[in-house]
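These are notes for a colleague who will be looking at the model alongside the text. The points are numbered so that each can be taken up separately.

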Amino acid sequence: MSRSEAMYRIASEQYGELGINTEAVLRRLDEMPLSINAWQGDDVKGFETTGHALTGGCQVTGNYPGCARKSEELRQDLDTALKLLAGKKLRICLQGHEVDCMMPGRDRDAFTLENFSGWLDWAADRKLGMDIAPAYYSHPKLKDGLSLSHPDPAIRQFWIDHGKAIRRIGAAFGARLGTPAVCNVWVPDGFKDQPADRRAPRERLLEALDATFAEEFPENQLLDAVESKLFGIGVESYTVGSHDFYLTYAAQHNKLICLDTGHFHPTESIPDKLSAICAQNGRILLHVSRGVRWDSDHVILLDDPLLDLGREAVRNDNGHNLFYTLDYFDASINRLAAWVIGARNWQKALLIAMLEPSDPACQYEYAGDFTARMAYREAIKSLPWGAVWNYYCESRGVPADANVLEPIRAYEKEVLVKR
């Protein structure tokens with residue numbers, strides 16, 4: 001018996017005394033879906049041959065060596081990262097400009113599955129799910145900071161057609177892979193200074209969204225989500241697709257509401273929103289990120305906000321109402337390490353939540369004994385979840401935390417620095 005397993009057996013007994021079956025928890029963790037954000041590997045640049053500059057508030061800082069320059073390199077990087085992650089329901093999420101190939105004269109409004117065929121073959125070979133999102137940024141037709149809400153009908157139509165094309169591609173992903181693709185719509189539209197008319201852009205966005213979603217697909221192939229934002233670089237004063245706008249739209253049109261953990265006021269609780277939405281049968285796509293004073297998309301840490309989000313996710317997840325995607329991009333550190341550390345931290349947050357015996361705290365609360373509630377919740381923080389995590393990694397054939405950088409450094413030396 002390894003040291004890791006021996007420590008796990010002791011921890012398992014301790015959890016068992018509190019009514020927690022650790023083996024059942026690990027099996028549940030295996031089944032928790034997690035979509036890995038492909039854009040961490042290419043700094044959100046995509047692989048179009050036109051070389052569009054980053055616009056739409058997308059900011060990536062750092063110049064760490066090894067950024068993927070084409071889809072084949074990005075898949076190679078993902079293959080290496082995936083070997084360091086446990087779980088049976090890992091997925092990959094693409095942005096709509098991370099194409100395999102570009103055809104002459106074909107722009108984003110005319111993309112087809114042919115542009116992404118290499119991704120689909122790769123995912124099918126590895127039994128991965130695939131998600132995708134239209135890319136409404138970094139393109140000349142993002143005019144005056146507007147796409148789907150632009151007053152020019154021709155510009156709106158270009159972006160409507162792009163959204164339609166990406167949804168068709170997502171449905172094709174879902175049909176072949178046997179698991180629905182989540183297609184998330186986020187547009188960067190807004191104004192740097194106060195607008196003269198706040199309503200008209202939102203009315204145009206409503207019409208454009210309805211047109212984008214007009215083609216229907218079965219939910220076993222495609223799930224649509226809409227994502228809000230508080231503000232962005234260059235649109236500090238007004239965002240067309242605000243949280244209030246999209247929350248209402250999602251409820252009226254049976255869409256997932258995407259909550260990005262960097263898209264709200266710094267003191268606003270995203271975990272609190274989960275129960276409010278799920279209690280009314282809403283479905284949520286969580287974009288798990290870490291904002292530092294603003295939507296800066298830092299790699300997620302195992303900090304208190306993440307632990308709180310994990311607890312609420314576990315308490316409200318009924319198996320088909322919550323979906324999880326990483327959403328950060330940091331070019332100041334090794335991009336594979338960013339994937340792996342962030343993904344493992346989210347898995348840890350879920351594991352800790354599933355291991356917490358929450359019933360006693362609820363009973364204290366129902367009885368009005370808030371002192372006991374606080375004391376109990378503080379006491380369970382010292383439970384040996386780390387021993388369970390280490391055993392989970394060992395039993396699933398991935399390195400423990402202390403050893404995870406070794407293969408990443410080797411890959412960096414053999415592959416990344418040579419790019």
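1. Is strand β10 (residues 322-326) largely enclosed by the rest of the structure or left open, and why? The model is a predicted one, and in it five of the five residues of β10 are buried, so the strand is largely enclosed by the rest of the structure. The side chains divide between two directions: Leu322, Tyr324 and Leu326 point one way, while Phe323 and Thr325 point the other way. Residues pointing in either direction are buried.

2. The partner of β10 is strand β9 (residues 284-288), and the two run in the parallel sense with five bridges between them. Within this pairing, Ile284 is placed opposite Leu322 of β10. Helix α9 (residues 304-316) completes a β-α-β unit with β9 and β10, and the unit is right-handed.

3. The largest pocket holds about 640 Å³ of space. It is lined by 26 residues, and those closest to its centre are Arg311, Arg315, Glu356, Arg377 and Ile380. Two or more lining residues come from each of α9, α10 (335-355), α11 (359-366) and α12 (370-379). Helix α9 makes the largest contribution, eight residues. In terms of class, the lining of the largest pocket consists of twelve nonpolar, three polar and eleven charged residues.

4. For the second largest pocket the volume is about 500 Å³. Its lining comprises 27 residues, with Thr261, Pro266, Ile270, Gly291 and Pro305 nearest the centre. The elements giving two or more residues to this lining are α8 (270-278) and α9. Again α9 gives the most, here with four residues. The lining of the second largest pocket divides into twelve nonpolar, eight polar and seven charged residues. Helix α9 should therefore be read together with both pockets, since it gives the most to the lining of the second largest pocket and the largest share to that of the largest pocket, and it also belongs to the β-α-β unit of point 2, as set by the helix assignment used throughout.

5. There are 29 salt bridges in the structure. Side chains of opposite charge can pair when their charged atoms come close. A pair within one helix is that of Glu5 and Arg9, with 3.0 Å from N to O. Both residues belong to helix α1 (residues 3-17) and are four residues apart, about one turn of the helix. Glu5 is partly exposed at 21% relative accessible area, and Arg9 is also partly exposed, at 33%.

6. Which residue forms a salt bridge with Arg315? The partner is Glu356, and the closest N and O atoms are 3.5 Å apart. This pair links distant parts of the chain, as Arg315 is in helix α9 and Glu356 is in the loop between α10 and α11, 41 residues apart. Arg315 is partly exposed, with 36% relative accessibility, whereas Glu356 is buried at 13%. Both residues were listed in point 3 among those closest to the centre of the largest pocket.

7. A further salt bridge joins Lys348 and Asp401, whose closest N and O atoms are 2.6 Å apart. Lys348 is in helix α10 and Asp401 is in the loop between α13 (385-395) and α14 (405-414), so the salt bridge ties together parts that are 53 residues apart in sequence. Lys348 is buried, with 9% relative accessible area, and Asp401 is partly exposed, with 32%. Elsewhere, Arg69, Glu73, Asp77 and Arg419 are joined into one network by salt bridges that share partners.

8. Two backbone positions deserve a look. Val44 is not a glycine, yet it has a positive phi of about 60°. It sits in the loop between β1 (34-37) and α3 (71-82), and at 3% relative accessibility Val44 counts as buried. Arg293, also a residue other than glycine, has a positive phi near 70°. Its place is the loop between β9 and α9. With a relative accessible area of 75%, Arg293 is exposed, whereas Val44 is buried.

Notes:
Residues numbered from 1 in each chain as written. Predicted model: local features only at pLDDT ≥ 70, side-chain atom pairs only at ≥ 80, totals over all residues. Heavy atoms only, no water. Buried < 20%, exposed > 50% of the residue type's maximum accessible area, 1.4 Å probe, protein only. Pairing = 2+ DSSP bridges. Right-handed = clockwise from strand over helix to strand, strands pointing away. 1 Å grid on protein atoms, 1.4 Å probe; cavity = no way out; pocket = protein on both sides within 12 Å on 5 of 7 lines; lining within 4 Å. Points joined across faces, edges and corners; volume = space filled by probe spheres on them. Nonpolar A, V, L, I, M, F, W, Y, C, P; charged D, E, K, R; others polar. Salt bridge = Lys/Arg side-chain N within 4 Å of Asp/Glu carboxyl O.
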